[in-house]
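Reader: I would like to learn how to read a model of this kind, feature by feature. Could you take me through it, giving the general idea before each case?

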Amino acid sequence: MAVLVETTILVLFAIVVVALALVVARQRYMLKSQGGIPVAARRGNRWLYGVARYEGDELRWYRAFGIGTKPTRVLRRDDLQVLGRREPTRLEMSWLPASAVIVECRDGTGDIVIALAERVHLSPSPCLRRV
């Protein structure tokens, strides 16, 4: 009986390690692929970290912790309206990098607030060029 319990625990541990390795591998792949940038999106009072990729006239945002291949949110340039840009508040600074720029946007599905590095914000991106 003890051997069965130990084996079960080892198998469960191995599954968790493999799942974490897949999440990390996916995130590294997306960041290293062309057009991948780290972007946080605010949902309520929380910041959700992820990776955004430019594909054509779309900015596709994927949550950092997940194994799915579909984007969590897609911002289309045609529908995107940039409402403003600002520095993070003191409270937001505890969750975001010091160089973050907050961009408030609206598209066909509603409002979204994203945080990205200033160097990314200043680069000629196809979706956020109007900021």
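Reader: What percentage of the residues in the protein chain is buried?

Author: In this predicted model, buried residues make up 34% of the 131 residues in the protein chain. The term buried stands here for a relative accessible area under 20%.

Reader: How many helices and strands does the protein chain have, and in what order do the elements run?

Author: There are three helices and seven strands in the protein chain, and, read from the N terminus on, the elements follow the order α-β-β-β-β-β-α-β-β-α.

Reader: Which way do the side chains point along strand E4?

Author: The general idea is that side chains in a regular strand alternate between the two faces of the sheet. In strand E4, which spans residues 73-76, Arg-73 and Leu-75 point to one face and are buried, whereas Val-74 and Arg-76 point to the other face and are not buried.

Reader: How many bridges join strand E3 to E4, and do the two run parallel or antiparallel?

Author: Strand E3, residues 58-63, is joined to E4 by four bridges, and the two strands run antiparallel. Within this pairing, Arg-60 has Val-74 of E4 as its bridge partner, and Val-74 is one of the residues of E4 that are not buried.

Reader: Which residues line the largest cavity?

Author: A cavity is a space where the probe fits but cannot get out. The count comes to one cavity of 30 Å³ or more, and the largest cavity holds about 40 Å³ of space. Its lining consists of Val-39, Ala-41, Ala-52, Leu-59, Trp-61, Leu-75, Ile-112 and Ile-114, and the elements that give two or more residues to this lining are strand E1 (36-43), E3 and strand E7 (110-117). Leu-75, which appears in this lining, is also one of the buried residues of E4.

Reader: How many residues line the largest pocket, and which lie nearest its centre?

Author: A pocket, by contrast, is an open set of points. The largest pocket, with about 190 Å³ of space, is lined by 13 residues, of which Pro-38, Val-39, Ala-40, Pro-97 and Ala-115 lie nearest its centre. E1, strand E2 (46-55) and E7 each supply at least two residues of that lining. Val-39 also belongs to the lining of the largest cavity.

Reader: Which residues make the nonpolar surface patch, and why does Met-1 count as exposed?

Author: Met-1, Leu-4, Val-5 and Ile-9 make a nonpolar surface patch of about 460 Å². Met-1 lies in the segment before helix H1 (2-32), and Met-1 counts as exposed because its relative accessibility is 80%, where exposed requires over 50%.

How values were computed: Residues are numbered from 1 along each chain as its sequence is written. This is a predicted model: local features need pLDDT of at least 70, side-chain atom pairs count only at pLDDT 80 or more; totals for chains, interfaces and linings use all residues. Side-chain values use heavy atoms; hydrogens and water are left out. Buried means under 20% relative accessible area, exposed over 50%, partly exposed in between (1.4 Å probe, protein chains only). Two strands pair if DSSP finds at least two bridges between them. Patches are made of residues with over 30% relative accessible area and no salt bridge: like charges are joined within 9 Å, nonpolar side chains (Val, Leu, Ile, Met, Phe, Trp, Tyr) within 5 Å. Accessible areas come from the Shrake-Rupley method with a 1.4 Å probe; for residues, only the protein chains shown count as cover. A salt bridge is a side-chain nitrogen of Lys or Arg within 4 Å of a carboxyl oxygen of Asp or Glu. On a 1 Å grid over the protein atoms alone, a cavity is a set of points where a 1.4 Å probe fits but cannot get out, and a pocket is an open set with protein on both sides within 12 Å along at least five of seven lines; lining residues have an atom within 4 Å of a point. Grid points are joined across faces, edges and corners, and a volume is the space filled by probe spheres set on the points.
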